Amino acid sequence: MDPTQTEKPLLRDYLNSLVFIATIGLLFALNLIVKPPAILVSERRPPAVLPPITVRSIRSGSFMKGFEAYAADHFVFREAFRSVRAATVFGPFLQSDKNGLYFGDAGIGEFKPVDPLAARQTAEKIKKVADTAPDCRVFYSLVPDKSIYAGKYLPGLDLEAVEALLADVLADFTYISLSDCLDAGSYYPSDLHWDQARIAGVVDRLGEAMGVTHDLRAFRPMLAGAFHGVYAGQIALPVAWDQMIYEELPGLQARRLNDSTLLYEACPVYDLERFAGPDPYDLFLQGPQAIVELLNPSVSGGELYLFRDSYGSSLAPLLAGAYSKVTLIDLRYIDLRVLDQFLTIRPGSDLLFLYSSQILNNPSVLRV
Amino acid sequence: MLFSSIGFLYYFLPITLILYFILPAPGGSPRFRNLFLLLASLVFYAWGEPGYVFLMIAQCGSAWLLGLCIDRYRERAKALMMVSVFLSLSGLLFFKYADFFIQNLNRLTGGGIALLRVALPIGISFYSFQIISYTLDLYHNRIAVQRNFFDFSAYVALFPQLIAGPIVRYADIARDLSRRSHSIAKFSLGVRRFILGLAKKILLANVLAELVDIYKQSAAKSLLFTWIYLLAYSLHIYFDFSGYSDMAIGLGHMLGFSFLENFNYPYLADSITDFWRRWHMSLSSWFRDYVYIPLGGNRVSEGRFVFNLMLVWSLTGFWHGADWNFMLWGLYFGVLLLIEKHFLRQIMEKAPRFLRHVYVLLLLCLSWTIFDGGSLEETRQTIGRMFGPGSDGFTDPAAFYYLRSYLVPLLIGFIGCTTLPKQLTSKLMETKVFTFLEPLSLFLLLLLSTAFIVDGSFNPFIYFRF
């Protein structure tokens, strides 16, 4: 006979049942009642939308999959629950990272090993682009991953192995190593990017390797304000505010290719409105853009074409002090096959490919 | 639908429990509630497999009809039983094993028969075995026929155990299907089992699965890292599967059913024979009662006994997946059981208990390399790394880093495999504070598990693929 059928219920049986029913019942009701936020601020994305209930969506299972994503994104007290998990991972579980995110010497960082196969494919794409400009001097460099400076116990990026791999494919071009120009303080503690105010060493190293003299004395540091970087939201724990400082060069102008009109239009080098948006790093050259040109009327001659990812946005204004024109090209947003419709690379110019490990690991994002 | 998903925990379960307990049970008959459970179970199944829900209904229908025929036409019962078993097995063979057979036929003959590439219906291995057990028990007059199609289908499709077991036999819940009691004590027992199972899955199995995943994706696999992976995988698979069984048993209690246990501290076993009395008990007892014993068991000649044992264990391995790895895994245990029976029993009885445990754990680690190996070649490489440094050396920085990072979950896992938590709970139960401590602990575990679910995306159950 089942012992529970004859046993007299104890007070704790009532409490166990009550706690369970109350918890799932209350959260169920709140999930139905509470209006979800329009945007998940800490994750910088809109929440998943409830898919339409149709015979087709149910038969294919897409409604059910979509519902699970919707239910997770719209869960009441989502931020609080995320913080509880993070506090458990770093607290009682004493784990060094949460899904690869950690607190290291350079603030919050992320460990992302470079996939050799992907890195080789990226290098082959870089070579393909560089080969379209045979009359130019071609340089390439890697943005050192923040994890390199994270601390002694983390398995940082194996930079030497990656450099060797790239050198194998890009032997015809000049590699510029930047790893010894940076340290843990060169990056925003709550973000993946480097801090424009702390990368003078990078500018000097590039100038030295490319035979250009950069004089940063003409730049004026300006405070944009306090911000939380992308990692702050991901790690879901309280973190200190970072300060974003940008280096202003009087007379420097910018224009970007409008992806709607396909015409060039003037834009601010530093856009404070973007700083107040969901991604403050978009302050620099308006964030993700296919083509941006920086024009420095005080310099005559010398052009640089910078094939870049987001790190290039904050670096380019500092390089513009030594060139009459710096053209930033982000091949994630424009296909190489149509590039010549919007710009012509002048023979004798400098080409610099500067990518981070994120691009090395994802060659498919480059539209080459 | 996963038990450990928000959709299940905070939508499906509250709605199902409310409606279930609102429904009347006239004269104590759970007929309406069984019908509702069947409908809820079909929604639960269709949530993950909208198309295959009709396959399951068809299999229920054919087995139920043939069951009625077996009962009515006893003189033709054997033929009817064989048809029913064939129909249940044919679904399993077609969806799970067809491509395996085609691949190997192509390999043998050099042919080019195209693979079918049909998706595997979730839980087909579990519910097919439940149907077969009903048919065979009915044929052998061990149970009475179920005349109500909805009650029979509710038995097969009952959502707590539908997609990852335990394999419930009709004989074990026939009484609950016709008349079952509900009580606060039983519901509370169910709540406790369910939340503990959820916590095992979310807070331990999923966390350790991250470590397993990291090892697999790592370029450098040193000897130390390989052993860390094996420990993590051993704990992961135990907490993943036993956590699911706990949740299933707990839900069963809440709904008035009593499912048999599926695990009994398997890593405390002191022989491989003992291990299989403690691990996935519903599967091993199924093979024992429906394959091994009908073949003659061990009351046959020595040669036939060896054949029986190897057949049963190759089938047990093959049940887990249509791959040579799983077949090898099953045969590995068959050979070990044979060796223990004929050669090691006397030696082991004299050996210190500690050594017996080490022997079992070492052999189990080896078995998991076969089980988790994507291919025989991968298994060979992992075994090589277990006993030799290979090209990646004895240790590497990543191994130390991840050992440090996952030390606490690993230690909790080790302790969780022992009877220590149960002993501690038994002592606490004697104190007054436990009246409030238990509900509070369960509440915190539920919230903590919810926090991990809300913030995480890594959630698959290993046994879903079977």
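## A hairpin in chain A

Leu101(A) stands opposite Glu110(A), a residue of strand β3(A). This pair belongs to a predicted model, and the strands around it are a convenient place to begin. Strand β2 (residues 101–104) of chain A and strand β3 (residues 107–110) of chain A are antiparallel partners, paired over four bridges. The connection from β2(A) to β3(A) is a hairpin of two residues.

On its other connection, β2(A) is joined by two bridges to strand β1 (residues 97–98) of chain A, and these two strands run antiparallel. Here Asp97(A) stands opposite Tyr102(A) in β2(A). The hairpin of β1(A) and β2(A) has two residues between the strands, and Asn99(A) takes a positive phi near 50° in this hairpin.

Which side chains of β2(A) are buried? The side chains alternate along the strand: Tyr102(A) and Gly104(A) point to one face and are buried, whereas Leu101(A) and Phe103(A) point to the other face and are not buried. Thus Tyr102(A), the residue opposite Asp97(A), belongs to the buried face, while Leu101(A), the residue opposite Glu110(A), does not.

## The eight-stranded sheet of chain A

Chain A also contains an open sheet of eight strands with mixed pairing, in the order β5-β4-β13-β11-β12-β10-β8-β9. The edges are occupied by β5 (174–176) and β9 (264–267) of chain A; each has a single partner strand, so one side of each is left without a neighbour in the sheet. From one strand to the next, the twist averages 25°.

Within this sheet, strand β10 (residues 291–295) of chain A pairs with strand β12 (residues 325–329) of chain A in the antiparallel sense, over five bridges. Leu294(A) has Val326(A) in β12(A) as its bridge partner. Helix α11 (residues 311–319) of chain A lies across four strands, namely β10, β11 (303–308), β12 and β13 (350–355) of chain A. The helix runs at about 165° to β11(A).

## Chain A as a whole

Chain A has 13 helices and 13 strands. The C-alpha trace of chain A spans about 95 × 50 × 40 Å along its principal axes. Of the 368 residues in chain A, 37% are buried. For contacts in chain A with a separation of 6 or more, 69% are between residues 24 or more positions apart.

## Chain B as a whole

How many helices and strands does chain B have? Its secondary structure consists of 19 helices and zero strands. Chain B has a radius of gyration of 23 Å, close to the 23 Å given by the globule rule for 466 residues, so the chain is as compact as a globular protein of that length.

The C-alpha atoms of chain B fill a box of roughly 70 × 65 × 50 Å along the principal axes. Buried residues account for 45% of the 466 residues. Of the contacts in chain B between residues at least 6 apart in sequence, 74% join residues at least 24 apart.

## Two helices and an exposed lysine in chain B

Two packed helices are described by the angle between their axes and the distance between the axes. Helix α9 (residues 223–254) of chain B and helix α14 (residues 353–372) of chain B pack at an angle of about 80°, and their axes are 10 Å apart. The two helices α9(B) and α14(B) are therefore roughly perpendicular to each other. Leu230(B), Tyr233(B), Ser234(B) and Ile237(B) are the residues of α9(B) that meet Leu364(B), Cys365(B), Trp368(B), Thr369(B) and Asp372(B) of α14(B). By class, this contact has six nonpolar, two polar and one charged residues.

Is Lys427(B), with 10 other C-beta atoms within 10 Å, buried or exposed? A residue counts as exposed if that number is 12 or fewer, so Lys427(B) is exposed. Lys427(B) is placed in helix α18 (residues 420–429) of chain B. Its C-alpha atom is separated by 51 Å from that of Gly303(B), and the two residues are 124 residues apart along the chain.

## Where the two chains meet

In the contact between the chains, 44 residues of chain B touch 45 residues of chain A. On the chain B side, at least two residues come from each of α1 (6–22), α8 (184–217), α16 (397–405), α17 (407–416) and α19 (434–455). The largest share of this side, 13 residues, is supplied by α19(B). The residues on this side of chain B comprise 29 nonpolar, ten polar and five charged.

Conventions. Residues numbered from 1 in each chain as written. Chains lettered and ligands numbered in written order. Rg over C-alpha atoms; globule rule 2.2 N^0.38 Å. Buried ≥ 20, exposed ≤ 12 C-beta atoms within 10 Å, placed from the backbone. Contact = placed C-beta atoms within 7 Å. Nonpolar A, V, L, I, M, F, W, Y, C, P; charged D, E, K, R; others polar. Axes fitted to C-alpha atoms, helices over the stretch in contact; angles between N-to-C directions. Parallel < 35°, antiparallel > 145°, perpendicular 65-115°, else oblique. Pairing = 2+ DSSP bridges.
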